[in-house]
Amino acid sequence: LTVLAMSTPGTGTASVSGYLRAGEYFGEYQKALVPELTAYLLTKGSTNKGKVEIAEALSEMGASMSFRAGTFAVTFGSKVVSRDLPSYLNLLGDVL
């Protein structure tokens, strides 16, 4: 898991992006759909919060959270108001 966070000076926002290695990264062609399934399941909630609770928390922060599947990884990216970055990272950690 790799996560990068960077604030954008003068805008009061921060960008967060990252990736989880999956699928063919591990040299297993028969597991090519693992990234697709992982990205899909990451949008369905976590063990602590349902997808509606997560959506409400994101809305309160004015943030977004998206996941995409690739051949070798699941990537994610978002923008969040800088003051909400710690809360956002806690929520992202819960989802991941």
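Select strand 3 (residues 66-69) and strand 4 (73-81) in this predicted model. The two strands run antiparallel and are joined by four bridges. Now show the link between them: three residues separate strand 3 from strand 4, and the two strands form a hairpin.

Next, show the side chains of Phe67 and Phe76. Phe67 stands opposite Phe76, which belongs to strand 4. Both of these residues are buried. Which aromatic pairs does the whole structure hold? A search finds one. It consists of Phe67 and Phe76, whose ring centres are 6.1 Å apart. Their planes meet at 50 degrees, so the pair counts as tilted; edge-to-face would need over 60 degrees, and stacked under 30.

Move to helix 2 (residues 51-61) and colour Ile54, Ala57, Leu58 and Met61, the buried residues of this helix. Why do they lie on the same side of helix 2? They cover an arc of only 100 degrees around the axis, which puts them there. An α-helix has 3.6 residues a turn, so residues three or four places apart point the same way.

Keep those side chains on screen and add strand 4 and helix 3 (85-95). The buried residues of helix 2 pack against both of these elements. Strand 4, already selected as the partner of strand 3, thus appears again here as a packing partner of helix 2.

Turn to the other side of helix 2 and select Val52, Ser59 and Glu60. These residues are exposed.

Finish at Gly62, just after helix 2. Check its backbone: Gly62 takes a positive phi of about 70 degrees.

Terms used
Residues are numbered from 1 along each chain as its sequence is written. This is a predicted model: local features need pLDDT of at least 70, side-chain atom pairs count only at pLDDT 80 or more; totals for chains, interfaces and linings use all residues. Side-chain values use heavy atoms; hydrogens and water are left out. Buried means under 20% relative accessible area, exposed over 50%, partly exposed in between (1.4 Å probe, protein chains only). The arc is that of the directions from the helix axis to the C-beta atoms. Contact means heavy atoms within 4.5 Å. Two strands pair if DSSP finds at least two bridges between them. Rings of Phe, Tyr and Trp (its six-membered ring) pair if their centres lie within 6.5 Å; planes under 30 degrees apart count as stacked, over 60 as edge-to-face and the rest as tilted.
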